[in-house]
Amino acid sequence: MLRIAHVSDLHVLSPAGVEWRRILFNKRITGHAHLVMRRSRVYRREFLLTVLAQAAARADQIVVTGDITNLSLEREYRAARALLEDIARTTEVTVVPGNHDIYLPAILRERDFVRHFHPFLRSDLPELARNLQAGRYPCVKLRGPAALIALASAVPRPPFVSAGFLGGEQLAALQAVLAHPEVARRTPVLLIHHPPVDHRPRLLRLRDGLTDEAAFRRSVAGLARGLVLYGHIHARERRTLPTATGALDAISASGGALEDPRAAIRAGFNLYGIGDDGAIASVEAWMIDESGRAMMRAAIADRRQSP
Ligand SMILES: [Fe+2]
Ligand SMILES: [Fe+2]
């Protein structure tokens with residue numbers, strides 16, 4: 001049995017606060033204002049440390065589905081990298097970028113994401129990756145019965161827009177990855193920040209969804225089973241992504257550091273078991289308990305019947 005722990009949306013803040021000259025006059029100022037108004041109380045570093053330690057203790061692999069930093073600040077990147085390096089000493093880590101990790105065009109240009117997180121992006125099929133600036137994606141890790149396939153959907157956007165985009169080049173590379181015999185004989189576990197199943201009106205999807213969701217679905221149409229793990233919505237839910245020959249389970253994790261009275265949102269991680277035969281043997285979730293120091297079992301909202 002391969003055990004995969006799924007954490008998301010860590011939104012690691014700089015321990016030394018923000019440098020004003022780096023946030024004035026760009027999109028970060030709106031993100032920082034949002035944090036000050038609403039979020040500073042709700043992202044709890046001690047929750048995140050508990051979540052990461054407990055996830056590492058229970059799993060063979062840890063996958064992080066984006067928004068690892070909050071404003072793509074260098075100090076946030078360094079703090080996040082230190083946290084992930086710490087758990088990677090015992091449990092392998094794989095990451096994908098979220099919109100908060102590619103917050104500005106300059107972050108993409110200067111390749112900040114891959115510069116900091118390349119230790120978590122060593123692909124077994126590097127020849128099939130495309131040289132996207134966020135990093136060389138798809139990043140593939142063949143591990144026992146599973147093929148982890150990490151995708152980059154984060155692109156810089158203007159203020160108040162956080163929509164994702166995979167692009168034709170990356171989706172063509174994904175199809176080549178899925179056709180590779182070492183991938184085809186395993187259960188695919190796709191990692192993406194933006195939700196791959198989104199039935200909201202088009203305007204909302206253009207604001208904060210995956211804008212090429214339909215093209216993504218076409219790229220995975222040949223898969224009869226597998227997982228698509230995502231984040232971005234800061235809540236646990238499970239949906240079905242129908243394909244031509246079967247269906248994929250699309251499952252999100254809550255934020256890794258969020259303090260919230262609502263159980264669907266409170267910090268936690270999901271844990272998936274993939275049997276040696278490739279079957280998805282278990283899906284469960286854990287969240288921080290009322291004391292804030294231990295973890296308890298959590299529910300994943302079941303939206304598989306949703307239209
Ligand atoms: Fe997020
Ligand atoms: Fe996000």
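## Helix α4

In helix α4, the buried residues are E76, Y77, A79, A80, R81, L84 and I87. They pack against four elements: α3, β2, β3 and α6 (residues 112-117). This picture comes from a predicted model.

The helix itself has 15 residues. From its first C-alpha to its last, α4 reaches 21 Å. That is close to the 21 Å expected at 1.5 Å a residue. Why might buried residues recur along a helix? An α-helix has 3.6 residues a turn, so residues three or four places apart point the same way.

## Helix α3

Helix α3 covers residues 45-58, which makes 14 residues. Its span from first C-alpha to last is 20 Å, close to the 20 Å expected at 1.5 Å a residue. Its buried residues are F47, L48, T50, V51, L52, A55 and A56. What covers them? The cover includes the strands β1 (2-7), β2 (61-65), β12 (268-274), β13 (280-288) and β14 (295-298). Helix α4 (74-88) is also part of that cover.

R45 belongs to α3 too. Is R45 buried or partly exposed? R45 has 14 other C-beta atoms within 10 Å, so it counts as partly exposed; the cut-off for buried is 20 or more. R45 and L10 are 35 residues apart in sequence. In space, their C-alpha atoms are 9.1 Å apart.

## The six-stranded sheet

Six strands form an open sheet. Their order is β3-β2-β1-β12-β13-β14, and the pairing is mixed. Which strands sit at the edges? They are β3 and β14, and each pairs on one side only. Neighbouring strands of this sheet are turned by 25° against each other on average, direction ignored.

Within the sheet, β1 and β12 pair in the antiparallel sense over five bridges. H6 has N270 in β12 as its bridge partner. Helix α3 packs on this sheet, touching β1, β2, β12, β13 and β14. The direction of α3 makes about 170° with that of β1.

## Strand β3 and its neighbours

Strand β3 runs over residues 92-96. Four of its five residues are buried, so β3 is largely enclosed by the rest of the structure. β3 runs parallel to β2, and five bridges join the two strands. One bridge partner pair is T65 with V96 in β3. Add helix α4 and the three elements β2, α4 and β3 make a right-handed β-α-β unit.

Now look at V93, which lies in β3. Why does V93 count as buried? It has 24 other C-beta atoms within 10 Å, and the cut-off is 20 or more. Leaving out residues up to four places away in sequence, V93 touches I62, V64, L84, I87, A88 and F120. Of these, L84 and I87 are among the buried residues of α4. V93 and E237 are 144 residues apart in sequence. Their C-alpha atoms are 22 Å apart in space.

## The seven-stranded sheet

Another open sheet has seven strands, in the order β6-β7-β8-β9-β11-β10-β15. Its pairing is mixed. The edge strands are β6 (139-143) and β15 (301-302), and each pairs on one side only.

Inside this sheet, find β10 (residues 237-242) and β11 (residues 247-252). They pair in the antiparallel sense over six bridges. P242 has A247 in β11 as its bridge partner.

## The whole chain

How many helices and strands does the protein chain have? There are 10 helices and 15 strands. Of its 307 residues, 49% count as buried. Take the contacts with a separation of 6 or more: residues 24 or more positions apart account for 68% of them.

The C-alpha atoms fill a box of roughly 50 × 40 × 40 Å, taken along the principal axes. With 307 residues, a compact globule would have a radius of gyration near 19 Å. The protein chain has 18 Å, which agrees.

Terms used
Residues numbered from 1 in each chain as written. Chains lettered and ligands numbered in written order. Predicted model: local features only at pLDDT ≥ 70, side-chain atom pairs only at ≥ 80, totals over all residues. Expected span 1.5 Å × (residues − 1). Buried ≥ 20, exposed ≤ 12 C-beta atoms within 10 Å, placed from the backbone. Contact = placed C-beta atoms within 7 Å. Pairing = 2+ DSSP bridges. Right-handed = clockwise from strand over helix to strand, strands pointing away. Rg over C-alpha atoms; globule rule 2.2 N^0.38 Å. Axes fitted to C-alpha atoms, helices over the stretch in contact; angles between N-to-C directions.
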